[in-house]
Amino acid sequence: MSVFGLRLKAARLQAGLSQEQLGIEAGLDPMSASARMNRYELGKRAPNYDLAIALGKVLGVPAAYFYAAKDDEAELLLEFQRLSGDAKRKLLQSLRA
């Protein structure tokens, strides 16, 4: 399984969605949504970046999360997304200092 597939499946399960539900909510044709999501999770195919963005929106995760090579980087992306705009700016300022 690919990193993308592992992260996609984990986020989908966390959201409590079936492969078909996720695909449909992300804009895929209902007739092929389940099969396409299954191929993405198994790493047999990779969605284009626009679809990765749509999947992230449905799942409440940034698209970059799916591509993070390391687990700690993926976790940082998730935590950063949850911060308010002001908290993000403060964190970035602190990291730059």
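How much area does the protein expose, and what share of it do carbon and sulfur atoms supply? The protein exposes about 6,200 Å², and carbon and sulfur atoms supply 53% of that. Keep in mind that this is a predicted model.

**Figure 1. The whole chain, built from seven helices and zero strands.**
Start with the big picture: going from the N terminus, the elements run α-α-α-α-α-α-α. The C-alpha trace spans about 50 × 25 × 20 Å along its principal axes. There are 97 residues here, and 30% of them are buried. Take the contacts between residues at least 6 apart in sequence: 44% of these join residues at least 24 apart.

**Figure 2. Inside the largest nonpolar core, a group of 20 residues.**
Seven names to look for are Leu8, Leu22, Met37, Leu55, Leu59, Tyr65 and Phe66, which touch the most other members of this core. At least two core residues come from each of helix H1 (3–15), helix H3 (33–42), helix H4 (49–59), helix H5 (63–67) and H6. Which helix gives the most to this core? That would be H4, with four residues. As background, nonpolar side chains tend to be buried together in soluble globular proteins.

**Figure 3. Leu8 and the residues it touches.**
Now zoom in on one core member. Leaving aside residues up to four places away in sequence, Leu8 touches Leu22, Met37, Tyr40, Glu41, Leu55, Leu59 and Phe66. Several of those partners may ring a bell: Leu22, Met37, Leu55, Leu59 and Phe66 are, along with Leu8 itself, among the core residues that touch the most other members.

**Figure 4. Ile53 and Ala63, ten residues apart in sequence.**
How far apart are Ile53 and Ala63 in space? From C-alpha to C-alpha, the gap is 5.0 Å. Ile53 has its place in helix H4. With a relative accessible area of 31%, Ile53 is partly exposed.

**Figure 5. A salt bridge between Glu79 and Arg82.**
The structure holds five salt bridges, and this is one of them: the side chains of Glu79 and Arg82 meet at 2.8 Å, N to O. Both residues sit in helix H6 (residues 71–82), and because they are three residues apart there, about one helical turn separates them. Are these two residues buried, partly exposed or exposed? Glu79 is partly exposed at 41% relative accessibility, while Arg82, at 59%, is exposed.

**Figure 6. Asp86, Arg89 and Lys90, linked in a network of salt bridges.**
Asp86 has two partners to follow in this view. One salt bridge joins the side chains of Asp86 and Arg89 (3.9 Å, N to O). Another joins Asp86 to Lys90, where the closest N and O atoms are 3.3 Å apart. Why can Asp86 and Arg89 be described as about one helical turn apart? They are three residues apart in helix H7 (residues 85–96), so about one helical turn lies between them. Asp86 and Lys90 are four residues apart in H7, again about one helical turn. Asp86 itself is partly exposed, at 39% relative accessibility.

**Figure 7. A nonpolar patch on the surface.**
Which residues make this patch? Leu83, Leu91, Leu92 and Leu95 do, and together they cover about 320 Å². Leu92 lies in helix H7, the helix that also carries Asp86 and Arg89. Its relative accessible area is 33%, so Leu92 counts as partly exposed.

Definitions and conventions:
Residues numbered from 1 in each chain as written. Predicted model: local features only at pLDDT ≥ 70, side-chain atom pairs only at ≥ 80, totals over all residues. Heavy atoms only, no water. Salt bridge = Lys/Arg side-chain N within 4 Å of Asp/Glu carboxyl O. Buried < 20%, exposed > 50% of the residue type's maximum accessible area, 1.4 Å probe, protein only. Patch = residues over 30% accessible without salt bridge, like charges linked within 9 Å, V, L, I, M, F, W, Y side chains within 5 Å. Areas by Shrake-Rupley, 256 points an atom, 1.4 Å probe, with all protein chains shown as cover. Core = buried A, V, L, I, M, F, W, Y, C linked by side-chain atoms within 4.5 Å. Contact = heavy atoms within 4.5 Å.
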